[in-house]
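Work through the exercises below with the model open. Try each task before reading its solution.

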Amino acid sequence: MRVLIDACVLYPTVMREVVLGVAEAGLFTPRWSPRILEEWARAARKIGPEGETIARGEIAALSLRFPRALVPEPQGLARHLWLPDADDVHVLAAAVGASCDAIMTVNAKDFPRNILAEEGMERIDPDGFLWRLGAEHPEVVRGVADNVLAEARRLSGAPWEMRKLMRKARLPRLGKWLAG
């Protein structure tokens, strides 16, 4: 399954690392465009002047980790597409151009299912998607989440618990399943 990942999933870190961890394990094929990566870098400015610099470093590392994930936004295609928020049409255009099966986003209102279905794809939210993958591949998803938890503890020095970390990362269903 080819999934175009929206910027709102790539940033924040914990959500991104769980999503991409299961992609790295082979459970789906991630895709993104240069403009999506640029949105992530600009959004990281909100945490301070160093935020964008850190994000650009993470983007460079991501490009090495997933060298085939970057897809172009086909020139002119966006003019023939429509979404409620015109600023998101580039995401749909990149997904269509890359023959993706789905767009992963937490921004449901701006990616109506009926419009995506007209383009032969679905909208998936990261929490529900990861929860379903957990039911199908429990060892893989649990292993990825355990690695992310260990890294969060190492980097923050805080004794994070799985459920709280996943809830903070806007992955409450996954966190509840992992803690159960």
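**Exercise 1: a buried acid**

Setting aside neighbours within four places in sequence, Asp-88 is in contact with Leu-83, Asn-107, Asp-110 and Phe-111. Contact means heavy atoms within 4.5 Å. The model is predicted: local features need pLDDT of at least 70, side-chain atom pairs count only at pLDDT 80 or more, and totals for chains, interfaces and linings use all residues. Residues are numbered from 1 along each chain as its sequence is written, and side-chain values use heavy atoms, with hydrogens and water left out.

Task: find where Asp-88 sits, and which side chain of opposite charge is nearest.

Solution. Step one: place the residue. Asp-88 is in the loop between H4 and H5; helices are DSSP runs (H or I, at least four residues) numbered from the N terminus. Step two: check burial and charge. Asp-88 is buried yet has no salt bridge. Buried means under 20% relative accessible area, exposed over 50%, partly exposed in between (1.4 Å probe, protein chains only). A salt bridge is a side-chain nitrogen of Lys or Arg within 4 Å of a carboxyl oxygen of Asp or Glu. Step three: find the nearest opposite charge. Lys-109 is 6.9 Å away. Lys and Arg count as positive, Asp and Glu as negative; His and the chain ends are not counted.

**Exercise 2: a loop leucine**

Task: decide whether Leu-83 is buried or exposed, and list some of its contacts.

Solution. Start with the place: the loop between helix H4 (49–65) and helix H5 (89–97). Leu-83 has a relative accessible area of 2%, so it is buried. Beyond neighbours within four places in sequence, its contacts include Asp-88, Leu-92, Phe-111 and Ile-115.

**Exercise 3: salt bridges**

Task: state how many salt bridges a search of the whole structure finds, then examine the one between Glu-17 and Arg-65.

Solution. The search finds nine. In the Glu-17 and Arg-65 pair, the closest N and O atoms are 3.1 Å apart. Glu-17 lies in helix H2 (residues 13–24) and Arg-65 in helix H4, so the pair ties together parts 48 residues apart in sequence. Both ends are partly exposed: Glu-17 at 25%, Arg-65 at 29%.

Task: describe the bridge between Arg-154 and Glu-151.

Solution. The side chains meet at 2.7 Å, N to O. Both residues lie in helix H8 (residues 138–156), three residues apart, about one turn of the helix. Arg-154 is exposed at 56%; Glu-151 is partly exposed at 34%.

Terms used. Helices (H or I, at least four residues) and strands (E, at least two) are DSSP runs, numbered from the N terminus.
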